[in-house]
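Colleague: I would like a close look at one chain of this model, from its overall build down to its helices and its contacts. Please take it in one connected account.

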Amino acid sequence: MQKTIRLLLALGLAALCAASLSAQSKRLNFYGWSEYIPQAVLDGFTKETGIRVNYETFSSGEEMLAKLLSGRARYDVIQPNDYIAEALIKAGQLQALDTSKLTNLGNILPEFTGMPHDVENAFTVPYMVGTVGIVVNTEKVTEPVTGYADLFSGKYAGRIVVLDDGRELATAALYTLGKDLNDFSPANLEAVRPILAAWFKQIKLFDSDSPKTALIGGDVDLGLVWGGEAAILWDQDKKFQYVLPKEGAHLFVDLLAIPKRARNVENAHLFINYLLRPDVSKLISDSFPYTNPNGAARKLLTEAQLANPASYPKTEMKLDTFRHLGGDTGARIDKLITDLKNAN
Amino acid sequence: MPVTLAKPRFPPSGLRLLNWSLIAWTTVVFVFLYLPIAVLVVYSFNSSRLNIVWEAFTFKWYGELFGHSPLINTLKNSLIIASISTVFAVILGTTGAWLLHRYRYRFARAIQTLICIPMVMPEIVMGISLLVFFTAVHIDLGYPTVVIAHTTFCFPFVMLAVQARLQGLDPALEEAALDLGATPLKAFWLVIVPCLRPAVISGALMAFTLSMDELIISIFTTDPSSRTLPMQVFGMAKIGLNPMLNALSAIFIVTTVAFVLFSEQLRRMSAR
C-alpha cells in the first residue's frame with residue numbers, strides 16, 4: 001500500500017511536470033473569435049510543422065481585451081479587431097512583427113495596408129475583412145428593408161436577431177442620427193439611449209457567436225449580423241438577402257497580432273505566415289465567407305464566391321472602420337447597453 | 001373460533017391516499033429531472049444534423065467524436081488534471097481529517113468551517129478570486145494553477161468522507177499500535193489508513209468526478225494548453241447544438257453514474 005501510493009505520487013508529479021514542460025516549444029496558444037478558423041486549417045498547420053495549436057475562443061473584442069490585459073494567460077497569436085488592436089498598440093501590448101519571417105505578407109491587397117489602426121503595418125496583419133448589415137428572410141418578409149428605420153419600424157417586433165455587441169448596436173443608432181460613427185460624446189450617447197431602448201423591445205435574440213442558427217431555424221426572420229454569416233445563409237438559400245443599411249455601414253478588419261508576453265514567438269510567426277498562404281486563405285474563405293484581403297487567395301476563389309453580395313458587397317457608400325475610443329467611453333457604452341438589456 | 005389471518009400489509013385508507021400521493025409526486029420529480037437527460041441520450045443516436053426531429057438510428061456521432069481532435073485533446077487534459085487533483089485532494093483530505101480528529105486544536109471548529117467553505121462557495125466567486133490571486137503572486141496560468149484550483153474545492157469532500165469513517169473508528173486501535181512500539185506516523189500509516197481505505201476511495205471518486213465536471217473555475221484558471229473538456233463543450237454549444245455533444249454527454253452521464261454508484265457502495269460498506 002505504501003509503495004503503491006509512493007508510485008502514484010511519483011507518477012502524478014511526473015505527469016504534471018511533463019505536461020507543463022514538454023512540447024512547450026511545439027505549441028502555439030491561439031486566442032481567436034469563436035467560429036472563425038476551420039479545424040482543417042489548424043490540423044494542416046500541425047501536420048506541416050508538428051506544432052500543436054491550442055485554440056481558445058472569445059465572443060467579443062472587449063472580452064479578449066479584458067482577458068489579455070488582466071489575466072496571466074500567455075497567448076502567442078491573437079485575433080483582435082481594428083479598434084481593439086489600436087488600443088493594444090497604444091498600450092504597448094503587442095510585439096512588433098518580424099517582417100523578414102512573414103514572406104507571404106505581399107499577398108495582402110494594398111487597400112488593406114496602411115489602415116488607421118496600424119499605419120505602418122508593424123504590429124498587425126489583416127486576417128479577414130467584413131461588414132455588418134441586415135439580412136432578411138425574403139420568404140417571410142415581403143416588404144423591402146433598406147436600413148435601420150425599416151428594420152426597427154415595429155412591424156417585425158419579436159422576429160429580429162442582432163449581434164450581442166454593444167459598440168455595434170450603439171454605432172447603428174448613431175448612424176440613424178446622422179453622426180460620425182466614432183463620435184461617442186456624452187451628448188450623443190444620451191441621444192442614442194431612447195433609440196436603443198425602442199429597438200431592444202423589438203429584438204428577440206442577441207447572438208454574436210452564430211446568429212445564422214436562429215435565422216435558419218426560423219426563430220427569427222431578420223437580423224443585424226456579420227457579413228460572413230449572411231454569406232453562409234445566402235449560399236444555403238437565396239431567400240436570405242443581405243443589405244447594407246442606407247443610414248450608414250462600416251467596415252471591420254480582423255487582424256492577427258502577437259502579444260508582448262507571447263512564449264512561442266517563432267511559432268507565432270510561422271503560423272501567421274501559414275495563414276497568409278493563398279491556398280490556406282482560400283480554405284478559410286470557403287468556411288467563413290467574409291471579404292478576403294489576400295489578393296493571391298482571391299484569385300483561387302470561385303465565381304460564385306466572389307459574386308456573393310454579403311462577402312463582397314458592391315456599394316458606393318464610404319465604409320469607415322471603428323477607432324479606439326479613449327478614456328471610459330467604452331465602459332459608458334457598455335453600461336448603457338447593460339442598463340437597457342436589464343430594463344426589459 | 002376461526003383464526004383470522006393477519007391483516008394485509010396495506011395501511012388504512014387515509015394513509016393509503018397519502019402513500020399514493022407521495023408516489024405520484026416522486027414520479028413527477030423524477031420525470032422532470034431525468035426526462036431531458038433521457039431525451040438527450042436518445043437523440044445522440046439520431047442521424048439528423050439539426051437534431052430537432054427524429055430521423056433514423058445511427059452510431060456515427062460516436063464515431064465522429066473519437067476523430068475530433070480538440071475534444072480528444074481536451075479530454076486528455078481533463079483526465080490528467082482530474083487525476084492529479086484527486087491525488088492531492090486525497091492526501092490533504094485524509095491527513096487533515098486525521099489531524100482534526102486525533103488532536104485537539106483551539107480553533108478546530110473554525111478550521112472545520114473554513115475548510116468546508118469551498119464546497120458551498122459559488123464557483124464564479126472562487127474562479128475570480130483565484131485569478132486575482134494568481135495575478136497578484138505573478139504565477140502564469142496553466143496546469144499548475146488549474147490543479148491548485150481543483151484541489152482546493154475537491155479536498156473538503158474527501159475530508160468529510162474520511163471524517164465520517166473516523167467517527168466510527170475504535171480509538172483503541174491507535175493506542176494499541178503505539179503500545180506495540182510504533183511512532184505516531186507509523187501508527188497512522190500502517191493501522192489507520194487501511195481502515196480508512198473505503199472512505200478514501202469513495203472520497204477520491206467524488207473528487208475525480210467533481211474535477212472532471214468543473215467548468216466555471218476552469219475558465220478562470222486555464223490557459224489554452226490546459227483547456228478542459230467542459231470548456232471545449234461549452235464553446236461548441238455556444239456556436240450551435242451538435243449531435244456529437246449529445247454523444248459526449250451520454251458517455252459522460254454513464255461514466256459519472258457508474259462512479260457515483262461505486263462510490264456510494266463503498267461508503268455504505270465503510271459505514272458498517
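Among contacts in chain A between residues at least 6 apart in sequence, what percentage join residues at least 24 apart?

Modeller: This is a predicted model, and every value below is computed from it. Among the contacts in chain A between residues at least 6 apart in sequence, 78% join residues at least 24 apart. The secondary structure of the chain comes to 14 helices and nine strands. Of the 344 residues of chain A, 45% count as buried. The C-alpha trace of chain A spans about 75 × 50 × 40 Å along its principal axes. A compact globule with 344 residues would have a radius of gyration near 20 Å, and the 22 Å of chain A agrees with that.

The domain assignment of chain A gives two discontinuous stretches for each domain: domain 1 is 26-128 + 252-307, and domain 2 is 130-251 + 312-343. Taken over C-alpha atoms, the centres of domain 1 and domain 2 of chain A are separated by 25 Å. Their contact takes 20 residues from domain 1 of chain A and 18 residues from domain 2 of chain A. On the domain 1 side, helix 4 and strand 9 (251-257) of chain A each supply at least two residues. Helix 4 of chain A has the largest share of that side, five residues. By type, the domain 1 side divides into eleven nonpolar, four polar and five charged residues.

Helix 4 of chain A also appears in the surroundings of helix 3 (residues 61-70) of chain A. In helix 3 of chain A, the residues Gly61(A), Met64(A), Leu65(A) and Leu68(A) are buried. Seen down the axis of helix 3 of chain A, these buried residues fall within an arc of 100°, so they line one face of the helix. The general rule behind such a pattern is that an α-helix has 3.6 residues a turn, so residues three or four places apart point the same way. On the other side of helix 3 of chain A, Glu63(A), Ala66(A) and Ser70(A) are exposed. The cover over the buried residues of helix 3 of chain A includes strand 1 (27-33), strand 2 (52-58), strand 3 (77-78) and helix 4 (82-90) of chain A.

Helix 11 (residues 278-287) of chain A can be read in a similar way. Its buried residues are Val280(A), Ser281(A), Ile284(A) and Ser285(A). They cover an arc of only 145° around the axis, which puts them on the same side of helix 11 of chain A. The buried residues of helix 11 of chain A pack against helix 2 (39-49), helix 10 (265-275), helix 12 (295-298) and helix 13 (303-307) of chain A.

Next, the nonpolar interior. The largest nonpolar core has 133 residues, of which Val77(A), Val135(A), Leu222(A), Ala230(A) and Val158(B) touch the most other members. Helix 6 (residues 143-167) of chain B contributes the largest share of this core, twelve residues. The core also draws at least three residues from each of domain 1 and domain 2 of chain A. For Val77(A), leaving aside its neighbours within four places in sequence, the contacts are Leu28(A), Phe30(A), Leu256(A), Ile258(A), Ala268(A), Phe271(A) and Ile272(A). Apart from the largest core lies another core, of eight residues, among them Leu65(B), Met244(B), Ala247(B) and Leu248(B).

That leaves the contact with the partner chain. Here 29 residues of chain A are in contact with 26 residues of chain B. On the chain A side, the elements that give two or more residues are helix 1 (2-21), strand 1 and strand 2 of chain A. Helix 1 of chain A gives the most, with eight residues. The chain A side divides into eleven nonpolar, eleven polar and seven charged residues.

Two residues of chain B complete the account. Ser202(B) is in helix 8 (residues 184-213) of chain B, and it counts as buried because 27 C-beta neighbours lie inside 10 Å. The C-alpha atoms of Ser202(B) and Phe262(B) are separated by 7.8 Å, although the two are 60 residues apart along the chain. Tyr103(B) is in the loop between helix 3 (69-102) and helix 4 (108-120) of chain B. Tyr103(B) is exposed, with 9 other C-beta atoms within 10 Å.

Terms used: Residues are numbered from 1 along each chain as its sequence is written. Chains are lettered from A and ligands numbered from 1 in the order in which they are written. This is a predicted model: local features need pLDDT of at least 70, side-chain atom pairs count only at pLDDT 80 or more; totals for chains, interfaces and linings use all residues. Helices (H or I, at least four residues) and strands (E, at least two) are DSSP runs, numbered from the N terminus. A residue is buried if 20 or more other C-beta atoms lie within 10 Å of its own, exposed if 12 or fewer, and partly exposed in between; C-beta atoms are placed from the backbone. The arc is that of the directions from the helix axis to the C-beta atoms. Two residues are in contact if their C-beta atoms, placed from the backbone, lie within 7 Å. Ala, Val, Leu, Ile, Met, Phe, Trp, Tyr, Cys and Pro count as nonpolar, Asp, Glu, Lys and Arg as charged, and the others, Gly among them, as polar. The radius of gyration is taken over C-alpha atoms; the globule rule is 2.2 Å times the number of residues to the power 0.38. Domain bounds come from an automatic or database domain assignment. A nonpolar core is a set of buried Ala, Val, Leu, Ile, Met, Phe, Trp, Tyr and Cys residues joined through C-beta atoms within 7 Å.
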